[in-house]
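Subject: Structure handover

Hello,

Below is the structure I said I would pass on. My notes on what was found in it follow.

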Amino acid sequence: MPDMELLPATSRALLHRLATAQAEGRVPSLVGAVVRDGAPVWTHGRGLVGGQPPTADTQYRIGSLTKTFVAVLVMRLRDEGRLDLADPLGGHLPAAPAAAAGLTVAQLLAHTGGLPSETPAPWWERTDGGVRPELADLLDDSPVKHPAGRVFHYSNPGFALLGALVEQLRGKPLEQVLAEEILGPLGMTRTSLLPRAPHADGWAVHPWADVLLPEPATDTGRMAPAGQLWSTIEDLCRFAAFLGAGDPAVLPEASLAQMRVPASPLDGPVWDLTYGLGMQLKNDGGRLLSGHTGSMPGFLCTLWVSPADRLGGVVLTNATSGVSIGALAADLVRITAEHEPRIPDPWTPLETYDPALLELAGPWYWGPAPALIRLRADGDLEFGPLAGAGRSSRMKAQGDGSWLGLEGYYAGETLRAVRDAAGAVTHLDLGSFVLTRQPYGSDTVPGGVDPLGWRGGPA
């Protein structure tokens, strides 16, 4: 069983980071948490909500973290075969505005459709959703800012359209779909489209004086999928645990891993932030984090998970600005990982295995280049270079004797074992590339092998 308690020095360092952020950022309240191995191991609140320190049950508005919930619903539809990520939006949502109808579902999830960042006036975050009752009201007549598929350009209306897509295909309001497909299965009883007591009020803090201005808590209507949700630290710890490891009742880990793959060009070899499918991705000093930041008038939020560390960090505050909340949540993960590095699970041998798979394990050669196949406990294969960097992928068994690549260069490619009449494996076929047990060691290599074989250099 994992040790669920943090060391006193770790807790002290986390508290210092959170308290410093609340004091220096001058925010009315701030509450943070760390999730380890799927459970919260540290939570703390600073400041006051209704005269009391905030708790793990205090609701805050979570802004654009709502987008990740919507993206999970879209990926569920994909996994069920109800849509393909390459499908044009208009094929499933007839009421989609003309400028967005030809964009693919993947482009909307990744913010690469070229749509504008915001709706036409008035400012949607601070006005009632009733001012734009129809989907056509979300975009103006000439909204395209960039050619589709070329660059990342964040679009709130794009996610409003994805929420409408979910409602169209489910035949239910988004709030009901969220409750049935995510909130209920994960036990998130304090997450809702509108605030439920106890909840924090949103505030703006004057930049040059220690005084407050109330912010409106509007119901944004059709823009709700872009940032409407309210939630608590306790609920978001459950969501963080799910995003880090998957849950068969909601979405498997393999689909979440696909959401964590960068979907637009990285900003050079050393990058800080990029975007996958409904998830922000952060390179925090070499630690790869995924999740989302969020902001609405009066509120800021961030949830990051590091699947490799089995850690997550969540922070909520009720101020429009003042705290670099994405960096704060990342620091909660970093501090925990540095103070208490993850202890590996104990190695244990497989209880059962398929001898046919064991036959494939070990070194193979693509021409003269060595590669390696390892047998995983779940029956999948890991393929990659024997040493150093190179193309690699986890290979998922397909039930017909083949394996499908799940990531990287070989994502979507098929690996097959080719056997002779006696049933012995002669070579592997990976997307038509031939891999042999010896360098160019089979007459099945396309183009043939020189009959004289290997030789010394010229005299």
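To begin with one side chain, Arg-334 is partly exposed, at 26% relative accessibility. Please keep in mind throughout that this is a predicted model.

Arg-334 has a salt-bridge partner in Asp-331, with 3.5 Å between the closest N and O atoms. Both residues sit in helix α10, three residues apart, so about one helical turn separates them. Asp-331 counts as buried, since its relative accessibility is 15% and the cut-off for buried is under 20%.

Other salt bridges

The whole structure contains 25 salt bridges. One of them links Asp-345 to Arg-310, and here the closest N and O atoms are 2.5 Å apart. Asp-345 belongs to the loop between α10 (325–339) and α11 (355–358), while Arg-310 belongs to the loop between β10 (299–306) and β11 (311–317), so this pair ties together parts that are 35 residues apart in sequence. Asp-345 is partly exposed at 47% relative accessible area, and Arg-310 is partly exposed at 34%.

Another salt bridge joins the side chains of Arg-376 and Glu-382, at 3.0 Å from N to O. Arg-376 has a relative accessible area of 24% and is partly exposed; Glu-382 is partly exposed too, with 34%. There is also a network, in which salt bridges with shared partners connect Glu-253, Arg-260, Asp-380, Arg-394 and Lys-396.

The barrel

In which order do the eight strands of the barrel follow one another? The order is β12-β13-β14-β15-β16-β17-β18-β19, with antiparallel pairing. On average, neighbouring strands of this sheet are turned by 30 degrees against each other, direction ignored.

Three of the strand pairs in the barrel can be described in some detail:

- β12 (residues 362–366) pairs with β13 (residues 369–375) in the antiparallel sense, over five bridges. Trp-366 has Ala-369 in β13 as its bridge partner. The two strands form a hairpin with two residues between them, and Gly-367 in the turn has a positive phi of about 65 degrees.
- β12 also pairs with β19 (residues 433–436), antiparallel, over two bridges. Here Tyr-365 stands opposite Thr-436.
- β15 (residues 393–397) and β16 (residues 402–405) run antiparallel and are joined by three bridges. Lys-396 has Leu-404 in β16 as its bridge partner. Lys-396 is also one of the residues in the salt-bridge network.

As a general point on side chains, they alternate between the two faces of the sheet in a regular strand.

The UniProt record, an unreviewed entry, carries the annotation "domain: DUF7586" for residues 354–437. In the model, that span is 5% helix and 50% strand, and its end C-alpha atoms lie 20 Å apart.

The open sheet

A further sheet is open and has seven strands, in the order β2-β1-β11-β10-β9-β8-β7, with antiparallel pairing. Its edge strands are β2 (39–47) and β7 (273–275), each of which pairs on one side only. The average turn between neighbouring strands of this sheet is 20 degrees, direction ignored. At the β7 edge, β7 and β8 (residues 280–284) pair in the antiparallel sense over three bridges, and Thr-274 stands opposite Leu-281 in β8.

Helix α5 and the loop before it

Does the length of α5 agree or disagree with the expected span? The helix has 15 residues (residues 156–170), which at 1.5 Å a residue should span 21 Å; the end C-alpha atoms are 22 Å apart, so the two agree. Of the 15 residues, 13 are buried, and the helix is therefore mostly covered. At the N-terminal end, Ser-155 acts as a cap, with a side-chain oxygen 3.0 Å from the backbone nitrogen of Gly-158. The residue that follows the helix is Gly-171, whose phi is positive, near 70 degrees.

The loop between α4 (105–110) and α5 contains His-111. His-111 is buried, with a relative accessible area of 1%. Between His-111 and Ala-308 there are 26 Å in space, C-alpha to C-alpha, and the two are 197 residues apart in sequence.

Regards

Terms used:
Residues numbered from 1 in each chain as written. Predicted model: local features only at pLDDT ≥ 70, side-chain atom pairs only at ≥ 80, totals over all residues. Heavy atoms only, no water. Helix = DSSP H or I, 4+ residues; strand = E, 2+ residues; numbered from the N terminus. Expected span 1.5 Å × (residues − 1). Buried < 20%, exposed > 50% of the residue type's maximum accessible area, 1.4 Å probe, protein only. Polar contact = N/O pair within 3.5 Å; in protein donor to acceptor, adjacent residues only side chain to side chain. Pairing = 2+ DSSP bridges. Salt bridge = Lys/Arg side-chain N within 4 Å of Asp/Glu carboxyl O. UniProt positions renumbered as here; feature names shortened; annotations may be inferred. Axes fitted to C-alpha atoms, helices over the stretch in contact; angles between N-to-C directions.
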